[in-house]
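Reader: I would like a close look at one part of this model rather than a tour of everything. Please take one helix and follow what it touches, with the numbers.

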Amino acid sequence: MPERFLWSQYFWEQARDANGVARRHLGDTTRNNGAPTVGSPFVALCGIDVTPHPEDTDTARGTCFAPACMVCTTLFARATGWSAGAIGNLIQTFQWTNNDVRQLGLALGMTASQTRRQIEQWTQEADKVNKARHTAKQQKAAGR
């Protein structure tokens, strides 16, 4: 997928869910008819209906203080062709709750147990990649 299309397809937007929790969510312009406007709900990549709020939207102030939605971030990495090891390194930076795992599973069409296995596979792949990098650095330092 050409990079120009990729960045025109997706957008980050600080938005609130039905409980009023603000997060930076990722939207897909092909699913949402373009980027959202303040007060207009959109379906985030994670599958949650969210609404940009006038007090905290990216477009209103240009600064976003809410944390990123880990499900949107993971799905974006997967959609843009990140390797399993890179996704594994990414997901290890998040504190996954049961709700987050469930939401990722819904977005991927998986059960919670299938999703946990997928997260474990990504993490194991990251561990392999990281170990190989560490070994290569050690060998280089030893002059091999």
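Author: What follows takes helix α4 as the part to examine and works outward from there.

The model is a predicted one. The chain has seven helices and four strands, and from the N terminus on they run α-β-β-α-β-β-α-α-α-α-α. Of its 144 residues, 34% count as buried. Among contacts between residues at least 6 apart in sequence, 51% join residues at least 24 apart. The accessible surface comes to about 8800 Å², with 51% of that belonging to carbon and sulfur atoms.

Against that background, α4 is mostly covered, with eight of its ten residues buried. The buried residues are Met70, Val71, Cys72, Thr73, Thr74, Leu75, Phe76 and Ala77. Just after α4, glycine 81 takes a positive phi of about 85°.

The helix also matters for the count of core residues. The largest nonpolar core has 25 residues, and those with the most contacts inside it are Leu45, Val71, Cys72 and Leu104. Elements giving two or more residues to this core are β1, α4, α5, α6 (98-108) and α7. The largest share, six residues, comes from α4. As a general point, nonpolar side chains in soluble globular proteins tend to be buried together.

Cysteine 72 is a useful place to start. Leaving aside neighbours within four places in sequence, cysteine 72 is in contact with His25, Leu26, Ala44, Leu45 and Cys46. Of these partners, Leu45 is itself among the core residues with the most contacts. His25 deserves a separate look. Histidine 25 is found in strand β2 and is buried, with a relative accessible area of 3%. With neighbours within four places again left out, histidine 25 is in contact with Phe11, Trp12, Glu13, Ala15, Phe42, Ala44, Cys46, Val50, Cys69 and Cys72. Ala44 and Cys46 are therefore contacts of histidine 25 and also of cysteine 72, where contact means heavy atoms within 4.5 Å.

Further along α4, the residue to follow is phenylalanine 76. The model holds three aromatic pairs. One of them joins tyrosine 10 and phenylalanine 76 edge-to-face, at 5.3 Å centre to centre and with 85° between the planes. This pair links distant parts of the chain: tyrosine 10 lies in strand β1 (residues 10-16) and phenylalanine 76 in helix α4, 66 residues apart. Both rings belong to buried residues. Tyrosine 10 has a relative accessible area of 10%, and phenylalanine 76 has 9%; each counts as buried because the cut-off is under 20%.

On another side of the picture is helix α5 (residues 84-91), whose buried residues are Gly85, Ile87, Gly88, Leu90 and Ile91. These residues pack against α4 (70-79) and α7 (112-141). Isoleucine 91, in helix α5, shows both contacts in a single residue. At 2% relative accessibility, isoleucine 91 counts as buried. Not counting residues up to four places away in sequence, isoleucine 91 touches Thr74, Trp96, Ile119, Trp122 and Thr123. Thr74 is one of the buried residues of α4. Isoleucine 91 and threonine 123 are 32 residues apart in sequence, with 7.6 Å between their C-alpha atoms.

The α7 side of this packing can be read from alanine 126, whose place is in helix α7. Alanine 126 is buried, with a relative accessible area of 0%. Leaving aside neighbours within four places in sequence, alanine 126 is in contact with Gly85, Gly88, Asn89 and Gln92. Gly85 and Gly88 are among the buried residues of α5. The C-alpha atoms of alanine 126 and isoleucine 87 are separated by 7.5 Å, and the two residues are 39 apart along the chain.

Finally, α4 also takes part in an open space. The largest pocket holds about 410 Å³. Its lining counts 17 residues, of which Asp17, Arg23, Ile48, Asn99 and Asp100 lie nearest its centre. Elements giving two or more residues to that lining are β2 (22-28), α4 and α6. Helix α6 gives the most, with four residues.

In short, α4 gives the largest share of the largest nonpolar core, is packed against by the buried residues of α5, and lends two or more residues to the lining of the largest pocket.

Definitions and conventions. Residues numbered from 1 in each chain as written. Predicted model: local features only at pLDDT ≥ 70, side-chain atom pairs only at ≥ 80, totals over all residues. Heavy atoms only, no water. Buried < 20%, exposed > 50% of the residue type's maximum accessible area, 1.4 Å probe, protein only. Phe/Tyr/Trp six-rings, centres within 6.5 Å; stacked < 30°, edge-to-face > 60°. Core = buried A, V, L, I, M, F, W, Y, C linked by side-chain atoms within 4.5 Å. Areas by Shrake-Rupley, 256 points an atom, 1.4 Å probe, with all protein chains shown as cover. 1 Å grid on protein atoms, 1.4 Å probe; cavity = no way out; pocket = protein on both sides within 12 Å on 5 of 7 lines; lining within 4 Å. Points joined across faces, edges and corners; volume = space filled by probe spheres on them.
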